[in-house]
Amino acid sequence: MNKIYLNNGLPVILKENKDTPRISVCLYLKIEEPEKKAGQYSLLNRLFLQGTNSRTSEELAQELDENAIECYSEMKCDYIRFKLLCLNEDIEKGLEILSDIVQHSTLAEIEKEKVKLNGEINAELDSPKAKAMDAFYKNFYENHFYGNTYTKVLESLDSITKEEIKTLYENLLNNSSKVISIAGDCDEEKIKKLLNKYFEGLKNNNKSEQKISEPELKENKVIKIEKEDASQAQIIQGWKFPTIYSEEYPAILLLNTILGSSGLSSRLFVELRDKKGLAYVVRSTYETFNKAACFSVYIATEPKNIKTSLEGFKIELDKIKNIPVSEEELENAKNNLIGKREFFTETNLQQASLTGYHEDKGLGYNFEKELIEKIKKVTIKEIQEIADKYIKEPTVLTILAPKNYLEIE
């Protein structure tokens, strides 16, 4: 694996995997300015495959289908990522199409996409879990770009104009930093020649200024959502944590693994579901952005069990703060986490996504290898210190349930 640069200065991460039939390409456009209206970036992302100056949306879809090329984009709070997957012999065709989509989108179907997005969001918010999660993150990142959840998007969607989206689009193309990552059976000289051919006009601003501020959480928040037809109560509680840039990141990943992200073996699953029979679903989540991160616990349970579930959370969180984990549990967590990370980097597309993600964040394309070594060295004391340091007030608690079950302190 190595890093090269195109003539325009755009960095490219190449991971050569011989004798693999399909090659994967990821292109990251870093989001460095908050949107002025919730949903602008989401709408822009949806418009990329809706036609270019030389292809209608129908022609684009047909050409991709006829050549068995997968090409799509996805938007996260810190970037828009394009993914391309094609047979080795079709790499030039794939790169030409990707270049056309990225650099020459017409944004013509904005009104159509606004209607579709509105419908999809309303359908999604019919889910009690989605409704509760929306309220949680909207309040956790209140008055911040990261808190532009579905309900915030619905408030502003109708007012978003094509001119606003076009300005956002041109700013991304001309002023954002970018990374291309490739994994597959690729010849470096051939790939470099093709990338220079099709992406020469894509400007890379590697000195761009990050204009997204760090969100603050200054006080405890309790959000109660009445839903009379809810058969399950949805409970989410979260705390502000360090990001991927922190030296504590490996220990945080292991804390999350021990508590609730390792499935059947995690503490929350064993204690609240298996032993107490409280949960249909119970887990913990650690989500990191460039400027903030959130560690949360979640349970879906019968409404009558809300208070007992909250007490169960407190018991398990206090336990990991005050009682050192055993050597065996820590070693099992390390094996679980490392094994899971290796499993999720088996394909060319997964590898291209991860190396590009780390390079985009300025961590370097070898960050995964370095991270694994750091995970192996995390101590019992570090797990306990991380839990004690960050699982404390202020906290955000969101509960969705029928009204008569929400009358709790």
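**Exercise 1. Find the residue of β10 that is the bridge partner of Val-281, and place this pair in its sheet.**

In β10, Ala-300 is the bridge partner of Val-281. The model is a predicted one, in which local features need pLDDT of at least 70 and side-chain atom pairs count only at pLDDT 80 or more, while totals for chains, interfaces and linings use all residues. Residues are numbered from 1 along each chain as its sequence is written, and side-chain values use heavy atoms, with hydrogens and water left out.

Step 1: β9 and strand β10 (residues 293–301) run antiparallel and are joined by nine bridges; two strands count as paired if DSSP finds at least two bridges between them. Strands (E, at least two residues) and helices (H or I, at least four residues) are DSSP runs, numbered from the N terminus.

Step 2: The open sheet that holds this pair has five strands in the order β7-β11-β8-β10-β9, with mixed pairing. Its edge strands are β7 (221–226) and β9 (279–288), each of which pairs on one side only. On average, and with direction ignored, neighbouring strands of this sheet are turned by 10° against each other.

Step 3: Helix α10 (residues 267–275) packs on the sheet, where it touches β9 and β10, and its direction makes about 155° with that of β9. Contact here means heavy atoms within 4.5 Å, and the angles, which run from 0 to 180 degrees, are taken between N-to-C directions of lines fitted to C-alpha atoms, for helices over the stretch in contact.

**Exercise 2. Describe the sheet that contains β1, working from its strand order to its hairpin.**

Step 1: Six strands make up this open sheet, in the order β1-β2-β6-β3-β5-β4, and the pairing is mixed. Because β1 (2–5) and β4 (70–75) stand at the edges with a single partner strand each, one side of each is left without a neighbour in the sheet. Neighbouring strands are turned by 20° against each other on average, direction ignored.

Step 2: β1 is joined by four bridges to strand β2 (residues 11–16), and the two run antiparallel. Tyr-5 has Pro-11 as its bridge partner in β2. The hairpin of β1 and β2 has five residues between the strands, and in it Gly-9 takes a positive phi near 90°.

**Exercise 3. Determine whether Asn-256 is buried or exposed, and list what surrounds this residue.**

Step 1: Asn-256 lies in helix α9 (residues 249–261). Asn-256 counts as buried because its relative accessibility is 9%, where buried means under 20% relative accessible area, exposed over 50%, and partly exposed in between (1.4 Å probe, protein chains only).

Step 2: Leaving aside residues up to four places away in sequence, Asn-256 touches Ser-261, Ser-284, Thr-285, Tyr-286 and Phe-295. A polar atom of the Asn-256 side chain lies 3.5 Å from the backbone nitrogen of Thr-285.

**Exercise 4. Summarise the protein as a whole.**

Step 1: The secondary structure comes to 15 helices and eleven strands.

Step 2: Of the 409 residues, 55% count as buried. Among the contacts with a separation of 6 or more, 82% are accounted for by residues 24 or more positions apart.

Step 3: Taken along the principal axes, the C-alpha atoms fill a box of roughly 60 × 50 × 40 Å.

Terms used: Polar contact = N/O pair within 3.5 Å; in protein donor to acceptor, adjacent residues only side chain to side chain.
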